[in-house]
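User: Hi! I have a protein open on my screen and would like some help reading it. Could you walk me through it?

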Amino acid sequence: FEEFYHHMYLPYAVQTFGEGARTWPPEVLEKSFRAGELLLVSRQGVPVAGELIDYAKPVPQLLVLGVRDASRELVHEGVIGALYHFALRHLESKGFRRVEVGKSRAFLNDGILRYKKKLGLRLLGPAEGRFYLRVLRHTEATKTFLQTNPLIFERDGALYGAVFPE
């Protein structure tokens, strides 16, 4: 767990999300580790990526993942895809028909959301961390932000996409 946390998860989260990274403290993830599983992908016998599977709920959750030293080379070689592939196959072999793959940002052009969609995954509903968007002034910056960031929103229990053309 320590190796995964300090050399895969933390570096990858910080590099991927920069100042916007919200990382879990080690003691929180260690609880999930003890009650769950840590799937590791290795190259020539050396773990290069990992994914923590949490079994705290009836539907298992792919909680967090990491790539050794946040290596972009490993990411480009497909190690993230390998993590998803092997985790989903492993959980299917254990009899699970559903898996939570974690939260995504509400913006339709979010890379992680697009990647999950490419894997054939679907949105089930909003997460508890909601935000409210209210345009206070119609400025060029507001216009540019809305035009370049289509988003997902919920109304009456259904999910919708919002785009803002010229």
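**Contacts, sheet and cores**

Analyst: Happy to! Among contacts in the protein between residues at least 6 apart in sequence, 54% join residues at least 24 apart; contact means heavy atoms within 4.5 Å. This is a predicted model, where local features need pLDDT of at least 70 and side-chain atom pairs count only at pLDDT 80 or more, while totals for chains, interfaces and linings use all residues. Residues are numbered from 1 along each chain as its sequence is written, and side-chain values use heavy atoms, with hydrogens and water left out.

User: Thanks. How many helices and strands are there in the protein?

Analyst: There are 6 helices and 5 strands. Helices (H or I, at least four residues) and strands (E, at least two) are DSSP runs, numbered from the N terminus. From that end, the order of elements is α-α-β-β-β-α-α-α-α-β-β.

User: What order do the strands have in the open sheet?

Analyst: The open sheet has 3 strands in the order β1-β2-β3, with antiparallel pairing. Two strands pair if DSSP finds at least two bridges between them. The edge strands are β1 and β3 (61-67), each pairing on one side only.

User: And how many bridges join β1 to β2?

Analyst: 7 bridges join β1 (residues 37-43) to β2 (residues 46-54), and one partnership to look for is Leu40 with Gly50 in β2. The hairpin of β1 and β2 has 2 residues between the strands, and Gln44 takes a positive phi near 50° there. On the other side, 6 bridges join β2 to β3, where Ala49 stands opposite Val67.

User: Which helix lies across β1, β2 and β3?

Analyst: That's α2 (residues 26-35), running at about 85° to β2. For such angles, axes are lines fitted to C-alpha atoms, for helices over the stretch in contact, and angles run from 0 to 180 degrees between N-to-C directions.

User: Switching topic: is Glu51 buried or exposed?

Analyst: Glu51, in strand β2, counts as buried because its relative accessibility is 2%. Buried means under 20% relative accessible area, exposed over 50%, and partly exposed in between (1.4 Å probe, protein chains only). Not counting residues up to four places away in sequence, the residues that Glu51 touches include Phe4, Leu62, Leu83 and Tyr84.

User: What about Gly161, buried or exposed?

Analyst: Gly161 is exposed, at a relative accessible area of 51%, and is found in strand β5 (residues 158-162). The C-alpha atoms of Gly161 and Leu151 are separated by 5.6 Å, though these residues are 10 apart along the chain.

User: Cool. Which residues touch the most other members in the largest nonpolar core?

Analyst: Val41, Leu62, Val67, Val79 and Ile80 do, in a core of 19 residues. A nonpolar core is a set of buried Ala, Val, Leu, Ile, Met, Phe, Trp, Tyr and Cys residues joined through side-chain atoms within 4.5 Å. The largest share of this core, 7 residues, comes from α4. A second, separate core of 10 residues includes Phe1, Ala13, Leu29 and Leu52.

User: Which residues of α4 are buried?

Analyst: The buried residues of α4 are Val79, Ile80, Ala82, Leu83, Tyr84, Ala87 and Leu91. Just after α4, Gly95 takes a positive phi of about 95°.

User: Last one: what percentage of the 166 residues is buried?

Analyst: Buried residues make up 30% of the 166 residues.
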